[in-house]
Amino acid sequence: MSNVSKANDWARPAAMALPKEGYFALEQGRYGPTYPRTPACHGFTIIAKIKPGTEGEIRAYGKRIEDTIAASPHALAPLQLHYLRWVLFDIGPEKYFMYQGIFDTDFDKYTEDAIQLFKATGVDTVFEKLEGFPSDWKTNAPAFIKFVREHQCPSFLEYGEYPYVSAAEIKKALTLKDAFSSILDQMQ
Amino acid sequence: MLELDDIQHFLLARPRALAARYGFLCFRRPDDGCAWLAGIIDRVGRGRAVTSGGPLDSRWVTVAFTWNGLRALGVDETSLSTFPEEFRQGMAARAAILGDTGANHPDRWVGGLASSDLHAIVILFARDVAERERCVQEHQQYAAQFPGVEVLSTLDLEATPPFDYAHDHFGYRDRMSQPEIEGMDIEPTPGTGAPLKPGEFFLGYPDENGDTGPLPQPGILSQNGSFLAYRRLEEHVGAFRDFLRANGTTPEAQELVAAKLMGRWRSGAPLVLAPTKDDPQLAADPQRNNNFDYGQMDPHGYAVPLGAHIRRMNPRDTAVNMNRRRIIRRGGTYGPPLPEGAPDDGVERGIAAFVGCASLIRQFEFAQNVWANDPRFHELGNERDPFIGTHDGSYDMSIPKRPIKKKITGLPAFTTVKGGAYFFLPGIRALRFLAAGAPATYATTVSLSQDALGA
């Protein structure tokens with residue numbers, strides 16, 4: 001059945017509580033269960049332990065990604081992202097890395113494209129600092145995908161102040177606003 | 001360098017064929033299966049025949065196996081476990097991913113295709129029906145020697161008249177866009193893109209990333225092999241014509257609706273280049289009929305709707321990593337044509353086609369799961385591919401138009417999946433390895449030149 005029932009009521013904030021599995025009904029994607037679109041769009045939260053002594057290198061990559069995006073602002077456009085957040089935190093004596101992304105596409109659908117982009121932008125080199133990351137990831141896409149899925153922690157609650165609105169819709173709205181502003185300027 | 005003496009011809013060229021038969025086999029006894037295979041290998045077409053420039057034979061034989069079929073021929077469990085998971089599971093088990101639900105569910109498939117007893121397919125393309133019948137008789141006599149080789153089902157295919165160009169039962173011209181392969185020295189037609197690395201279609205060669213990837217083992221089995229996704233798709237011609245009549249008040253308006261669903265006029269002329277009126281001359285000109293993009297020439301879909309079939313199956317410059325998603329299509333039509341103006345007669349007719357690729361999950365399954373069935377493809381919201389998407393009457397089709405778009409709601413199902421399977425299409429040496437019972441000690445030193453002579 002169509003899933004158009006998620007009414008386009010962007011003005012009505014919404015929250016969605018999710019079961020432990022991260023989905024209500026098992027829907028198989030190509031690489032495993034797919035996760036539902038929530039009021040906060042699609043997304044993932046990958047948490048993994050880093051290899052000892054690599055914290056400095058990982059933090060340095062933050063600057064590198066900043067430079068990559070500054071030089072190629074649309075490098076990550078195919079992922080239809082809203083936001084990415086990278087966090088390092090401690091659990092006891094060990095250091096963990098959290099990579100949280102909010103985007104408009106089901107990650108399962110565009111997994112290979114994402115990995116291709118990870119490689120192109122250097123994100124993959126951060127993954128190399130994570131415990132258990134497959135050493136043959138460059139030629140073994142299924143192993144890369146398996147690692148990502150095994151370290152994905154599904155949300156149990158997601159909230160959207162303007163639910164189900166895509167980044168493309170936001171950009172279109174802001175473009176229209178600019179256009180109207182320009183028209184009004186011309187009318188002065 | 002492509003090993004054209006070893007690669008089966010199937011994905012390298014289309015035979016000039018007007019008839020075909022697909023035979024679906026079960027190997028009840030491994031020794032009979034191996035013996036049957038041993039005797040048929042020399043009839044299997046090789047890539048070299050395609051490139052030699054000489055006249056092609058009047059019949060072309062192709063043999064491919066399911067994962068269960070490889071096991072039935074004696075391939076050991078260690079080797080079987082090295083094949084990709086999607087191939088091991090088979091198409092029927094991947095039904096939910098492919099959208100094969102409801103009327104398309106494997107429980108409703110015909111010909112034993114959803115059964116684990118399906119072990120192999122023999123594909124025969126023949127220049128005409130008479131030649132096909134001759135070959136079928138010949139094969140039946142040959143196969144009768146091997147009672148352990150059971151024919152689960154067969155499907156006869158015939159080109160749909162008129163024969164001036166290939167088209168399906170809906171009337172759409174087929175074979176308009178096909179990737180070329182590096183090393184075949186075929187100049188791509190304008191708009192096709194540069195030839196792709198062989199590893200996108202044949203195992204053991206570098207792909208577009210320069211990788212050869214983890215290959216199924218042993219190497220002699222996987223080298224020069226490909227994967228095939230088979231789909232038997234019934235076309236509901238009566239329902240399709242009813243739909244056109246309901247959505248177009250004149251024949252011209254109906255033709256335009258048909259063109260908008262496909263992205264090309266039924267003649268094959270692309271809407272990007274002929275947006276308002278059909279152009280059969282353009283359709284027949286390979287130097288022009290594929291020479292367009294979307295990002296620059298039709299970004300909003302005023303010519304080709306964002307959800308039209310050809311825009312989904314090949315988004316061209318509006319998708320990333322396109323060279324890692326390309327596929328090679330083969331196949332034809334089955335069932336009698338439904339005369340224009342005749343009511344639907346309830347007889348099954350459709351297309352029975354193969355998608356050839358090096359990775360079923362990255363190429364075929366992506367196209368079916370995402371491009372065909374993702375309702376939010378290109379930000380559409382509630383649409384699926386009008387022809388190969390899964391439909392239950394609840395999806396729409398938007399046709400961009402100034403000042404406001406036309407929206408067709410409740411698109412009916414124009415097709416039903418009647419069967420499907422994943423096959424591995426081995427090279428010739430691999431066929432000999434399988435015919436020998438896939439022994440661990442199999443000599444891998446047979447040279448191609450020796451093998452080409454049938455040694």
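This is a short talk on two chains, A and B, of a predicted model.

Hi everyone, thanks for coming. Please keep in mind throughout that we are looking at a prediction.

Let me start with chain A. Its secondary structure comes to 5 helices and 5 strands, and if you walk along the sequence you meet them in the order β-β-α-β-β-α-α-α-β-α. The C-alpha trace spans about 60 × 40 × 35 Å along its principal axes. Chain A has 188 residues, and 21% of them count as buried. What about contacts over longer stretches of sequence? Taking the contacts in chain A between residues at least 6 apart, 77% join residues that are at least 24 apart.

One residue to click on here is Leu81(A), which sits in strand S3, residues 81-91 of chain A. Is Leu81(A) buried or exposed? The answer lies in between: 17 other C-beta atoms fall within 10 Å, and burial needs 20 or more while exposure needs 12 or fewer, so Leu81(A) is partly exposed. Leaving out residues up to four places away in sequence, Leu81(A) touches Leu76(A), Gly101(A), Phe103(A) and Ala167(A). Its C-alpha atom is also 6.0 Å from that of Ile102(A), a residue 21 places away along the chain.

Now over to chain B and the cores. As general background, nonpolar side chains in soluble globular proteins tend to be buried together. In this model, the largest nonpolar core holds 123 residues, and Ala20(B), Ala64(B), Ile121(B), Leu228(B), Ala229(B) and Phe423(B) have the most contacts inside it. Which helix gives the most to this core? That is H13 of chain B, residues 360-372, with 8 residues. The core also takes at least three residues from each of domain 1 (9-158 + 190-232 + 427-452) and domain 2 (235-347 + 360-419) of chain B. Apart from this core lies another, of 9 residues, including Phe44(A) and Phe103(A); that is the Phe103(A) we just met as a contact of Leu81(A).

Back in the big core, Ala20(B) has contacts beyond its neighbours within four places in sequence, among them Ile123(B), Phe125(B), Leu157(B) and Gly332(B).

Last stop, a helix pair in chain B: H9, residues 237-247, and H10, residues 251-262, pack with their axes 8 Å apart at an angle of about 120°. H9(B) and H10(B) are therefore oblique to each other, and the crossing is right-handed. On the H9(B) side the contact is made by Leu244(B), Arg245(B) and Asn247(B), and on the H10(B) side by Gln254(B), Val257(B) and Ala258(B).

That's my tour, thanks for listening!

Note on methods
Residues are numbered from 1 along each chain as its sequence is written. Chains are lettered from A and ligands numbered from 1 in the order in which they are written. This is a predicted model: local features need pLDDT of at least 70, side-chain atom pairs count only at pLDDT 80 or more; totals for chains, interfaces and linings use all residues. A nonpolar core is a set of buried Ala, Val, Leu, Ile, Met, Phe, Trp, Tyr and Cys residues joined through C-beta atoms within 7 Å. Helices (H or I, at least four residues) and strands (E, at least two) are DSSP runs, numbered from the N terminus. Domain bounds come from an automatic or database domain assignment. Two residues are in contact if their C-beta atoms, placed from the backbone, lie within 7 Å. Axes are lines fitted to C-alpha atoms, for helices over the stretch in contact, and angles run from 0 to 180 degrees between N-to-C directions. Angles under 35 degrees count as roughly parallel, over 145 as roughly antiparallel, 65 to 115 as roughly perpendicular and the rest as oblique. A crossing is left-handed if the near helix is turned anticlockwise from the far one by less than a right angle, and right-handed if clockwise.
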